[in-house]
Each structure stands twice: as C-alpha cells, then as structure tokens.
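Dear colleague,

I am passing the structure on to you with this message, and my notes on what turned up in it follow below. Please read them with the coordinates open beside you.

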Amino acid sequence: MSSKRTKGVTVVYPIVYGNVATLLPQKKVPDSDHTHKWTVSVRGINGSDISHFVKKVTFKLHETYSNPQRGTFVEQPPFEITETGWGEFELSIKLQFVEPGEKPVSLYHNLRLHPYEEDGSISTVNRNKPVQSFQYDELVFTDPSEALYQILTQHPIPTLPLRSSPNMPYSLQAEQDELRKIDEAYKKVQEQLVLYKNKMEKITKELDDVKGNLEQHKK
Ligand code: SLL
C-alpha cells in the first residue's frame, strides 16, 4: 500500500458505538453473580460495515474480568463482543486501521446495564426491557495515506439524515439541537459567574467595612 500522504485532505466517517443490555433470567449462569447479558459494538451509522478500513477492534474490559476476556479483539465484522456481568464500568474500544501508518483511535464507553430515570434512580417499571446506550462520533482522517484515502472514498460514506426518526436518532437537526443546548448552557454558566462575582465583590466590601469599624472601635 502507498503510505504517501494526501495533504490538505480530511475524510470524516460517522460511527455509532455503545451497548445493549438485557437482564438475565435468574440462575442463567450457574455459580455466578452475573445479572446481565450485554453486547458492545462499533459500526458506521445506519449499521454500515466499516471493515473495509478497520482492521481490528480491541475491547478492553474492567479488571474484574478474567484475563482472556479483558482484552478481547475482533478482526472480522461485526465488530462487537457479547459478555455477561454484574456491573457497569467504562470500557475502551481501540480501532486499528488497514493502513498500519494510520494511528489507532481509542473510544471510551460507559457500559450501561440499568434503565435510569431522569433523576438518576433505576427504573423498576422498565427493569425487564433491553437497555441501550449508544453514542454518535466521527472518525476524522486528516491527511490520510493515499491508500487509505482510496479505500475510504471507494465506498459510500454514510451521511446524517436531515431529521431524526425512531430508528435513527442521529441527524443534522439533532446535531444543531445539541449545539444549541451547549450554547445555552454556556451562556447560563457565564451569567451565573457574573452573578457570583458581583456577590463576592459585595461580600468582600462588607467584610472590609466590618474590619474598618472594628479597627475604629479598638482605637
Ligand atoms: C461497579 N465499578 O462496582 C463497577 C465495576 C465491574 C463489573 C463493575 C465482572 C464479571 C466477572 C463484572 O461484571 N465486572 O466477574 O466475570 O459497579
């Protein structure tokens, strides 16, 4: 493969990674305290195959998993692993590309097993329903090698639809909404900062006044 780099070119490939989890029927795994079955996966949006440019995906699990499972790698699509367990943890997903010169990319995912309510409590009503936790991300290849550029552009790169639908929550509209929310939250934080700064200035002034009065009394 040619490792010559294509200068000034950026290829963006949208992906989705995360997990689904289901509650295990009790006593499903003999002699174990495992409560859930889960699958972690990474693929292109719309479930598209990424194996034309991804060579290997390594899933690194929590240290409570025994050694063989802890660093499981997959070299064929689908890039996913299924395990059972009892707890949630952050796992890493390392992507290596078909072009060895291209730096691997590590993604981090909080494995979710429980159906959480808005307030953070675990929903008892939805306890038996499968839980899903996925996130959208973009692989950004800046100045990729010529070979990788060829591979990436010879296959269709999925694009975000304009609007979300029940089985496709990611869209340009959702991206805009998210950006707007971040912007609003940023503004709110700035406003709060000004408020607190003013409050602090007032309190410092009051404190100085009290100190001044105290000095006057001492004299
Ligand atoms: C917790 N901080 O306490 C987390 C750690 C680890 C989950 C969760 C191991 C399974 C096995 C397993 O499920 N680990 O022993 O094979 O919730």
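A polar contact is taken here as a pair of N or O atoms within 3.5 Å, and by that cut-off a polar backbone atom of Trp 86, at 2.8 Å from an oxygen atom of the ligand, makes such a contact. Please keep in mind throughout that this is a predicted model, and that the distances and areas below are computed from it.

**The ligand site**

Trp 86 is not alone in this respect, since a polar side-chain atom of His 34 lies 3.1 Å from an oxygen atom of the ligand, and a backbone N or O atom of Gly 87 is found 3.4 Å from an oxygen atom of the ligand. Taken alone, the ligand would expose 460 Å², and 68% of that area is buried by the protein. The residues around the ligand are His 34, His 62, Thr 64 and Tyr 65, together with the run Gly 85, Trp 86, Gly 87, Glu 88 and Phe 89. Sorted by class, this shell comprises 5 polar, 3 nonpolar and 1 charged residues.

**Ser 92**

Strand S6, which spans residues 90-97, contains Ser 92. Is Ser 92 buried or exposed? Its relative accessibility is 18%, and because the limit for a buried residue is under 20%, Ser 92 counts as buried. Leaving aside residues up to four places away in sequence, Ser 92 touches Thr 58, Phe 59 and Lys 60, and also Leu 107 and Tyr 108.

**Salt bridges**

Side chains of opposite charge can pair when their charged atoms come close. How many salt bridges does a search of the whole structure find? The search returns 6, and among them is the pair of Arg 43 and Glu 80, whose closest N and O atoms are 2.7 Å apart. This pair links distant parts of the chain, with Arg 43 in strand S2 (residues 36-44) and Glu 80 in strand S5 (residues 80-85), 37 residues apart. Arg 43 counts as partly exposed at 27% relative accessibility, and Glu 80 is likewise partly exposed, with a relative accessible area of 29%.

Other salt bridges lie within helix H3 (residues 172-218), where Asp 177 and Arg 180 are 3 residues apart, about one turn of the helix. The side chains of Asp 177 and Arg 180 meet at 3.5 Å, N to O. Arg 180 also forms a salt bridge with Glu 184, at 3.9 Å from N to O, and these two residues of helix H3 are 4 residues apart, again about one turn. Through shared partners, the salt bridges join Asp 177, Arg 180 and Glu 184 into one network. Asp 177 is partly exposed at 26% relative accessible area, as are Arg 180 at 49% and Glu 184 at 47%.

**Thr 6**

Thr 6 sits in the segment before strand S1 (10-23), and with a relative accessibility of 14% Thr 6 counts as buried. Which residues does Thr 6 touch, not counting those up to four places away in sequence? The contacts are with Asp 143, Pro 144, Ser 145, Glu 146 and Tyr 149. Of these, Glu 146 is 140 residues from Thr 6 in sequence, while their C-alpha atoms are 5.6 Å apart in space.

With best regards

Methods:
Residues are numbered from 1 along each chain as its sequence is written. This is a predicted model: local features need pLDDT of at least 70, side-chain atom pairs count only at pLDDT 80 or more; totals for chains, interfaces and linings use all residues. Side-chain values use heavy atoms; hydrogens and water are left out. A residue is near a molecule or strand if one of its heavy atoms lies within 4 Å of it. A polar contact is a pair of N or O atoms within 3.5 Å; within protein, one must be able to donate a hydrogen and the other to accept it, and residues adjacent in sequence count only if both atoms are side-chain atoms. Accessible areas come from the Shrake-Rupley method with a 1.4 Å probe; for residues, only the protein chains shown count as cover. Ala, Val, Leu, Ile, Met, Phe, Trp, Tyr, Cys and Pro count as nonpolar, Asp, Glu, Lys and Arg as charged, and the others, Gly among them, as polar. Buried means under 20% relative accessible area, exposed over 50%, partly exposed in between (1.4 Å probe, protein chains only). Contact means heavy atoms within 4.5 Å. A salt bridge is a side-chain nitrogen of Lys or Arg within 4 Å of a carboxyl oxygen of Asp or Glu.
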